[in-house]
Amino acid sequence: MTEQKRYSGINASPGIAIGPVVKFTRERIVVNKQNINADEVDHEYRRLNMALRRTRRDLRSIQEMIARRVGDNYAEMVEAQLLSLNDEAVIEEVRTRIKDQRENAEYAFQQVLAGYREQLENSDNMYIRDRASDIYDVKQRVLRHLLTRDGGLLEDVEEPSILVTRELNPSDMIMRDRSKVIGLVSETGGRASHMAILARAMQIPAVVGVDNLLDQLGDEGSIIVDGYHGVVLTNPDQETKEQFRGELQHIREFEESLYTHKNLPAETKDGYRITLSSNIGLPGELENVHKAGSEGIGLYRTEYLYLVKNTFPTEEEQFGEYRQIAESVAPDPVIFRSFDLGGDKISASMEIEGFKESNPFLGYRAIRICLDNPELFKTQLRAIYRASAFGNIKLMFPMISALEEVMQVKEFIREVWEELDSQGTDYNKDIEIGTLIEIPSAALIADSLAEELDFFSIGTNDLIQYALAVDRGNDRVSFLYKNLHPSVLKLITMTIEAGHSHDIWVGMCGEMAADPLVIPLLLGLGLDELSVSPIVLPKIKEIVRELDREKCQHLAERVLDFKTEADIERYLRQFMQEHLPEQMNL
């Protein structure tokens, strides 16, 4: 009997699936270089143009199908592929190779697109790395038209199965019968990949980033996909299958019970109430926000508008989306975070100097790009302030490290007010503005920042990374990334105390806010708001409602005296085991 094996990846879409395997691998297209004569150049141009036209037609059909099945918002993800086909710089580079180097069209196109894809794959940012598969899909489609090959579609999925593939494109997913694909596993991609986004929209359990799984799969009778924990089990025995079926049933019953209480407040037993809101970056996630009983949106990642198109959206495009979001959650608030784009996210077509750098996470990104490009920044500010006439909007800025940056931001806001006033445009001048506290320097000067702002939102993902000098994406040092490190807790405490001393509210929108083990500590420290993924929000609310604030305060006082992360975690586990043992077992 084949041995049961466990593989770890990234939890891309929640759920558990148990079923037979269908391995999907596309035919590898081999393109040979052919030297052409000068009189053949125009013929290669025509072949290239024909392939581009047919690929655009294919992608538009896919876009329409996605819109019909899961909504217009998700169809926008195909836009980036269409734009790459219309990128004059890319196409001109291909034409130049055909003319100057006398290369056949398919070889020239493959070389240019391969170079572009390599740049994306080498990015330090997961969003950009995940866009590499879009370029690969475009390349394969154009080459198939040039070589008159078929697409190698999934014609053989005849029974409910788990699809295992190296990478999957939106078309591969959207053209399948949902009842036949019960789970997805991919060797590549991340949570921001289009496959992952569609899997969540279609409610298909998915795990991505499982290295070299295809090569290790034999004739498995079935596999288990655990989209909650990012785990894949091959050749599970009957006992393991029953265990996961029981776990899935338990989770479903638990989640159903949580959603029945969605309209209850996030309030402790002794009457301490906090705000529980959602982190999202796509309009298509609004349904989950409403379903979870969220009190608005505590973090809306506006850079999605750029990432799906690889170009900065116009003021009207931004206004339309911001208005839609604000109206959808009104009267609850939505906090728009200004573009949090890193230097590695800026394409050459943006004409912004300095976007190539060795360490974009410590370089030209977020508010630094915005302050350095006034028109880009003011375009977004105008769109947000215009949308403020249609809902309860707040605005916050990422990667603030100094008071001077806040003062510059406020000056740009005043300029936008003057422009809107001169145009007679309706807007709310009094929307709250705040900042993410995600750089240690901002936490250290939080007292000064609080004098100029209306709120803080602690972004723990970057705060921990910067405070501990740890790249959590680096396997060699990721074990040093500790959200309970005493220094991190001191920075959080300092921020909360500074905010409250100036009568402004303090929230948290990083992953730490969604960690059940840490919730009692965060309540004890005095956070006013937690913003988490809508998927986990009901569970966090349930934990809050089962706690006693006074006991949490005593817990926080004790924790802040500990000197090591291990001691802190041990104490928190003891507290949870004593007061909420059932939560520790889910």
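Which residues form one aromatic cluster with Tyr 300? Select Tyr 322 and Phe 336: together with Tyr 300 they make up that cluster. Keep in mind throughout that this is a predicted model.

**Stop 1: aromatic pairs**

Widen the view to the whole structure. A search across it finds 9 aromatic pairs. For one of them, select Tyr 385 and Tyr 427. Their ring centres are 6.1 Å apart and their planes meet at 85°, so this pair is edge-to-face. Planes over 60 degrees apart earn that label.

Now colour by secondary structure. Tyr 385 belongs to helix α15, residues 374–387. Tyr 427 sits in the loop between α16 (403–423) and β14 (433–437). The two residues are 42 apart, and their pairing links distant parts of the chain.

Are these two tyrosines buried or exposed? Tyr 385 has 1% relative accessibility, so it counts as buried. Tyr 427 is buried too, with a relative accessible area of 16%. The cut-off for buried is under 20%.

**Stop 2: charges over rings**

Stay in the viewer and select Arg 386 with Phe 319. The charged end of Arg 386 sits over the Phe 319 ring, 4.1 Å from the ring centre.

Next, select Arg 549 and Tyr 272. Here Arg 549 lies over the face of Tyr 272, and the distance to the ring centre is 3.7 Å.

**Stop 3: an open sheet**

Hide the side chains and show the strands. Find the open sheet of 4 strands, ordered β1-β9-β8-β3 and paired antiparallel. Its edge strands are β1 (5–8) and β3 (16–19), and each of these pairs on one side only. From one strand to the next, the twist averages 15°.

Zoom in on β3 and β8, the latter covering residues 223–226. How many bridges join this antiparallel pair? There are 4. Show Ile 18 and Ile 224: Ile 18 stands opposite Ile 224 of β8.

**Stop 4: strand β4**

Move to β4, residues 21–24. Turn its side chains back on. Which of them point to the buried face, and which to the other? Val 22 and Phe 24 point to one face and are buried. Val 21 and Lys 23 point to the other face and are not buried. The side chains thus alternate along the strand.

Finally, add β5, residues 161–165. β4 and β5 run parallel, joined by 4 bridges. Select Lys 23 once more, this time with Val 164 of β5: the two stand opposite each other.

Notes: Residues numbered from 1 in each chain as written. Predicted model: local features only at pLDDT ≥ 70, side-chain atom pairs only at ≥ 80, totals over all residues. Heavy atoms only, no water. Buried < 20%, exposed > 50% of the residue type's maximum accessible area, 1.4 Å probe, protein only. Pairing = 2+ DSSP bridges. Axes fitted to C-alpha atoms, helices over the stretch in contact; angles between N-to-C directions. Phe/Tyr/Trp six-rings, centres within 6.5 Å; stacked < 30°, edge-to-face > 60°. Lys NZ or Arg CZ within 6 Å of the ring centre and 35° of its normal.
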